[in-house]
Amino acid sequence: MSAPLIEVRDLYCERDERILFEGLNFSVNAGEVWQVEGPNGSGKTTLLRILSSLSRAFEGEIFWRGESVDHVRDDFMSSLLYFGHLPGIKATLTPQENLRWYSAIHPMTRHEGIDDALHRVGLLGYEDVPCHALSAGQKRRVSLARLYLSDAPLWILDEPFTAIDKGGVAEKEALIAAHAAKGGTVILTTHHELGIRDNLRKVVLGGAKELTGGKFD
Amino acid sequence: MTKEAVVQGGEPQESSAELSLSRVFLIALRRDLLLAYRRRSDLVNPLVFFIMVATLFPLGVSPEPVFLSEVAAGVVWVAALLATLLSMDSLFRSDFDDGTLEQLLVSPQPMALLVVAKVCSHWLISGFPLTVLAPLLGVMLFLPSEGMTALVLSLLLGTPTLSLIGAIGAGLTVGLRKGGVLITVLVMPLYIPVLIFGTGAVQAAVAGLPIGGYLAILGAILALGFVLAPLAIAAALRISVSN
């Protein structure tokens, strides 16, 4: 029996005197799509940042293919595509330059096919326009174009559909489903109703608790 | 189960082998230089500041050649130091704000290497022009001609150290709204040895003494900074992004 792709054991995180989650356990297998659910402020972004090892403010253990993430950091980082709240796009560079830079520092990203990826996110004709001239939605699309270029087995997507129109959302959902069908794994947060049904799992984060335990009615 | 088995398509393994560290370094360096080139107006700011500060001394203290030639080395060095400090705050600011810093941190590339590339590009667009401009200010401040070579050499060895040390402060304060003043407080004490040996070299040259010792110490500080500062900067950035 092979180890799960990611296993989270007894994860605990507090922020500003509030417990965001405690005793959180789940294991993510290849080919699954995980949706992290919960109201605003319940720690969805925090959980994704912890999983991407951007945040260290937690207790508990995270295993990547059966080994502690800290021990297999290189392998884990190579296998990860992280899409955060911030687009990760330089405003003074063109979409093409942004993607070329991204593919240069992330080894599991294809260099070729950048134009094709931009075409597929509907930015054909904008390759040479500096990103500051693009709309907010278009900037998100430049960032989302990374999904078309990536061969990374694990995608962690934080609100990937913000500022994206309906047609774009449907395409991205199809892309996520296709990634899962190929054996890839996706962990995402979204307030959209996901159209994906196969292999969809959920982590539900409850409301945060006050650390002091007092009553606040 | 291996990676190849999990995701088919493309040749990720091949492309990662091609990505040697030196290539990643060059790509990061080129990108930062390109970014600086696209925002040329920001490039001129430290240089203008450098010239302004040095100009204030003859205006504010005394235009006497005898007095100026005595303080010239110190004035040029202090002005260069302040100009570097001024440009430091913006080093990681835009990367932090637009999320590219996060993307650097989640990449498998060693952060210290990417940080060195950033500091190199910072030096190329601030410290290096300052060094080139320095003799001009030296002439303006009646620095004796024997001191010119020492001024340029000491700045050439000293300004990269200023960039490296300043980047630690910039990394620590990038997550704060108003980091500018804090950087000064954090970094200024660490700049003092560089300043002492830098101006010391010029004064020794003017007095006709050998400057080899001063330059050797500046070089040693630079070597130490080059080895240790990138690790500190990378750690500082991780802390800043983690919050």
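Two strands count as paired when DSSP finds at least two bridges between them. By that rule E1(A) and E2(A) are a pair, antiparallel and held over seven bridges. Keep in mind that what you're looking at is a predicted model, with an ipTM of 0.86 and a pTM of 0.87.

**How far to trust each chain**

Chain A averages a pLDDT of 85, and 94% of its residues score at least 70. The weak stretch there is residues 211–217, where the pLDDT is below 50 and the model has six contacts beyond near neighbours in sequence. Chain B has a mean pLDDT of 89, with 92% of its residues at 70 or more. Its own weak stretch is residues 1–17, again with pLDDT below 50; leaving out near neighbours in sequence, that run has 24 contacts in the model.

**Chain A from a distance**

Chain A is built from six helices and 10 strands. Its C-alpha trace spans about 55 × 45 × 30 Å along the principal axes. Does a radius of gyration of 18 Å agree or disagree with what a compact globule of 217 residues would have? It agrees, because such a globule would come out near 17 Å. Of the 217 residues in chain A, 43% count as buried. Contacts between residues 24 or more positions apart make up 71% of those in chain A with a separation of 6 or more.

**The hairpin and its neighbour**

Back to E1(A) and E2(A): the two form a hairpin with two residues between them. Within the pairing, Leu11(A) has Leu24(A) in E2(A) as its bridge partner. The turn holds Asp16(A), in the loop between strand E1 (6–15) and strand E2 (18–28) of chain A. Most residues other than glycine have a negative phi. Asp16(A) goes the other way, with a positive phi near 50°. Asp16(A) counts as exposed because it has 7 C-beta neighbours inside 10 Å, and the cut-off for exposed is 12 or fewer.

E1(A) also runs antiparallel to E4(A), and five bridges join them. In that pairing Ile6(A) stands opposite Trp64(A) in E4(A).

**A helix tucked inside**

Helix H1(A) is largely enclosed by the rest of the structure, because seven of its eight residues are buried. Those buried residues are Lys44(A), Thr46(A), Leu47(A), Leu48(A), Arg49(A), Ile50(A) and Leu51(A). So what covers them? The cover includes E1, E2, strand E3 (33–37), E4, strand E7 (154–158) and strand E8 (185–189) of chain A.

Just after H1(A) comes Ser53(A), with a positive phi of about 50°. Ser53(A) sits in the loop between helix H1 (44–51) and strand E4 (59–64) of chain A. With 20 C-beta neighbours inside 10 Å, Ser53(A) counts as buried.

Here are three residues picked out in this report, with their neighbour counts:

| Residue | C-beta neighbours inside 10 Å | Class |
|---|---|---|
| Asp16(A) | 7 neighbours | exposed |
| Ser53(A) | 20 neighbours | buried |
| Gly74(B) | 16 neighbours | partly exposed |

**Where the chains meet**

How many residues does each chain bring to the contact? Chain A puts in 35 and chain B puts in 30. On the side of chain A that touches chain B, the elements giving two or more residues are helix H2 (73–78), strand E6 (80–83) and helix H3 (95–105) of chain A. H3(A) gives the most to that side, with four residues. By class, the side of chain A that touches chain B has 17 nonpolar, 12 polar and six charged residues.

**The core and helix H5 of chain B**

The largest nonpolar core has 122 residues, and those with the most contacts inside it are Ile156(A), Val76(B) and Ala80(B). Helix H9 (residues 148–173) of chain B gives the most to this core, with 12 residues. Leaving aside neighbours within four places in sequence, Val76(B) is in contact with Ala54(B), Ala134(B), Leu137(B), Gly138(B), Leu141(B) and Leu151(B).

Gly74(B) has its place in helix H5 (residues 65–88) of chain B. Gly74(B) counts as partly exposed, because it has 16 C-beta neighbours inside 10 Å. From Gly74(B) to Arg238(B) is 164 residues in sequence and 36 Å in space, taken C-alpha to C-alpha.

Methods. Residues are numbered from 1 along each chain as its sequence is written. Chains are lettered from A and ligands numbered from 1 in the order in which they are written. This is a predicted model: local features need pLDDT of at least 70, side-chain atom pairs count only at pLDDT 80 or more; totals for chains, interfaces and linings use all residues. Two residues are in contact if their C-beta atoms, placed from the backbone, lie within 7 Å. Ala, Val, Leu, Ile, Met, Phe, Trp, Tyr, Cys and Pro count as nonpolar, Asp, Glu, Lys and Arg as charged, and the others, Gly among them, as polar. pLDDT is the predictor's confidence in each residue, from 0 to 100. The radius of gyration is taken over C-alpha atoms; the globule rule is 2.2 Å times the number of residues to the power 0.38. A nonpolar core is a set of buried Ala, Val, Leu, Ile, Met, Phe, Trp, Tyr and Cys residues joined through C-beta atoms within 7 Å.
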